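User: I should like to understand how the terms used for a protein structure are justified. Please set each value against its definition and then conclude.

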Amino acid sequence: MTLLSCSNIGISFGATELLKDITFTVGEGERWGIIGRNGAGKTSIFSVITGDRQPTTGSVARKPGMRHALLDQHRAFENATTVWEAGAAAWREVIALEARIAEQAMQLGELGDKVTDEMLDRFGRDQERFADLGGYVYHARVDAVLQGLGFDAEEAKTRLVSTLSGGERGRVGLAAQLIAPADLLMLDEPTNHLDLETITWLQDWLKECDETVLVVSHDRAFLDAICTHILHIEAKTSEWYKGNYSQFVPQRAERRLTRERELEKQRAYVKKEEEYIRRNIAGVNSFQAKGKRKRLERLPRLAPPPGDPAAMSLEFKVDERGGDQVIAIKDLRVEVPGRVLVDDFTAVLRRNDFVALVGPNGAGKSSVIHTILGDRPAARGEAKVGVSITPAWFRQDLADLPLEKSMYDAIQDLRPLWTRGHIQNHLGAFGFSGDEVQRPIRSLSGGERARMAMAIMTLSGANLLVLDEPTNHLDVENIEVLEDALEEYEGTVLLVSHDRAFLREVATRVWWFDGNQLKDFDGPFHEWEAAVEKRRTGAR
């Protein structure tokens, strides 16, 4: 049964056209991935579906009474006090009804023989409504989702929302979405800031739940795991494909190739007809030539396949080869107040190693990086960076960007001898052109800041790249560009990421957290995944 249908949707802001001819139909139980470049309008499609924005052209048809759940970006949680209340926010009516039923039950017990038929009828109606609204299942649903997203369900009943970190608030917001009774679940980058274990749980939950799902994501492994359809936003319009992300890629290539062939065929036909008309318009075959000219004028001309602006152009050059021993770690102990993050870790990071540092959120991955690079002292042991090693660090929070400067000035500070043309060309390779390069970095979006950080990083000549969640703000096309650049890179990489497709592509070793022990798996990421899965299933 059709749940949602968008027909020829167009969205404009004044004279600026954002989207046109967006058409797709979502059936109950389908899971759609919406993909496209940052700024392509994916989130605007969500706002049209929910009714928060009216399309400039086209129409949206929804199944009568359709309920949707969309992440509250402001994460206000409707003034909930505890984590459990925040997760159960959509069940507020049921919770209030549950409290009323409990009060009625107590009152009926106290009244005894004085209970009236009216009281009993009201009590019965409330119980029936409580059952119809899912009152007997919501407790288990709230507990299961909070547990799956990394919270202790019992502790959540007393833990205050005010004590949550930014990442935890995001997970509570996601929990509230999953817990809400909805026919259509709308997820905008749900895997951002989730660890690998939690992403796996989320995949399983979405595949098993009854809701229809629309998800905007750049996580290709996640899209592969859950999607039955892909909606690709490109060049202001859209096309839909059946299957997951891996099935979408060859389908898109085949469609593009077919269109290019059809276009070339039409161009050859038009050229041939125009040549005939030119040679015969004034001769004995003038009548036929004029007929051909009229037919050509009426011929619908095929357009070239749509294409978005090119992704960034990325290359990491090494100024100095550096030694074979990049970082030597011996008996390392990393602590935060009241907790040991890593104890007794010994390893050597070798030249050309691409090490993935993986573990649950809160395990201490960033603290370990800070300690290894000498930004914070070790509680015990040591980590020595080789004397010929030059590190460059992509920070997850992008905190080292010079926010008060323009993009142009930031590059000029690093390359004072470059001409204006050199600077413009360098920033152009990362998607910044014209007068846009004079924008202050503070005004950039998350994706733009990530590209700016890459633009700065490529000028470092570093032989050690430390990448802390580099894909969080990048779209799929730019993630693939980063993969290609790392494949050509002749240095060493220490990488933190939750993007499994990215890790499978680039990581040659894995350092992984097992409690407060950091362990070294000397093999690529996909082999580590298989080993962990074998260990998990063997423990059942």
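**Terms and evidence**

Analyst: Setting aside neighbours within four places in sequence, glutamine 203 is in contact (heavy atoms within 4.5 Å) with Ala221, Phe222, Ala225, Ile226 and Arg500. The model is predicted, so local features need pLDDT of at least 70 and side-chain atom pairs count only at pLDDT 80 or more, while totals for chains, interfaces and linings use all residues. Residues are numbered from 1 along each chain as its sequence is written, and side-chain values use heavy atoms, with hydrogens and water left out.

User: Why does glutamine 203 count as buried or exposed?

Analyst: Buried means under 20% relative accessible area, exposed means over 50%, and partly exposed lies in between (1.4 Å probe, protein chains only). Glutamine 203 has 7% relative accessibility and therefore counts as buried. This residue is found in helix H8; helices (H or I, at least four residues) and strands (E, at least two) are DSSP runs, numbered from the N terminus.

User: Is tryptophan 84 buried or exposed, and what is its relative accessible area?

Analyst: Tryptophan 84 has a relative accessible area of 8%, so it is buried. It is found in helix H2 (residues 83-87). Not counting residues up to four places away in sequence, tryptophan 84 touches several residues, among them Tyr138, His139, Leu146 and Lys157. Its C-alpha atom is separated by 11 Å from that of glycine 173, although the two residues are 89 residues apart along the chain.

User: What makes strand S6 largely enclosed?

Analyst: Five of the five residues of strand S6 (residues 184-188) are buried, and therefore the strand is largely enclosed by the rest of the structure. Leu184, Met186 and Asp188 point one way from S6, while Leu185 and Leu187 point the other way. In a regular strand the side chains alternate between the two faces of the sheet.

User: How do you know that S6 and strand S7 pair?

Analyst: Two strands pair if DSSP finds at least two bridges between them. S6 and strand S7 (residues 212-216) have five bridges, in the parallel sense, and thus meet the criterion. In S7, valine 213 is the bridge partner of leucine 185. Strand S5 (residues 68-70) also runs parallel to S6 and is joined to it by three bridges; one of the residue pairs is leucine 70 with methionine 186 in S6.

User: What handedness has the β-α-β unit of S6, helix H8 and S7?

Analyst: S6, helix H8 (residues 196-208) and S7 make a right-handed β-α-β unit. The term applies if, with the strands pointing away from the viewer, the path from the first strand over the helix to the second runs clockwise.

User: Which side chains meet in a salt bridge with arginine 220?

Analyst: A salt bridge is a side-chain nitrogen of Lys or Arg within 4 Å of a carboxyl oxygen of Asp or Glu. The side chains of arginine 220 and glutamate 483 meet at 2.4 Å, N to O, and so the definition is satisfied. Arginine 220 lies in helix H9 (residues 220-226) and glutamate 483 in helix H16, so the pair ties together parts that are 263 residues apart in sequence. Arginine 220 is buried at 7% relative accessibility, and glutamate 483 is likewise buried at 7%.

User: How many salt bridges does the structure hold?

Analyst: The structure holds 34 salt bridges. One of them joins glutamate 28 and lysine 63, at 2.6 Å from N to O. Glutamate 28 has a relative accessible area of 40% and is therefore partly exposed; lysine 63, at 30%, also counts as partly exposed.

User: How far away from glutamate 469 is the nearest side chain of opposite charge?

Analyst: That side chain is lysine 365, which is 5.9 Å away, and glutamate 469 has no salt bridge although it is buried. Lys and Arg count as positive and Asp and Glu as negative, while His and the chain ends are not counted. Glutamate 469 is placed in the loop between strand S15 (464-468) and helix H16 (476-488). Leaving aside neighbours within four places in sequence, its contacts are Phe394, Gln396, Val496, Ser497 and His498.

User: Which residues of helix H14 are buried?

Analyst: In helix H14 (residues 420-428), Ile423, Gln424, His426 and Leu427 are buried. They cover an arc (taken from the directions from the helix axis to the C-beta atoms) of only 165°, which puts them on the same side of H14. Helix H13 (407-414) and helix H15 (446-457) are included in what covers these buried residues.
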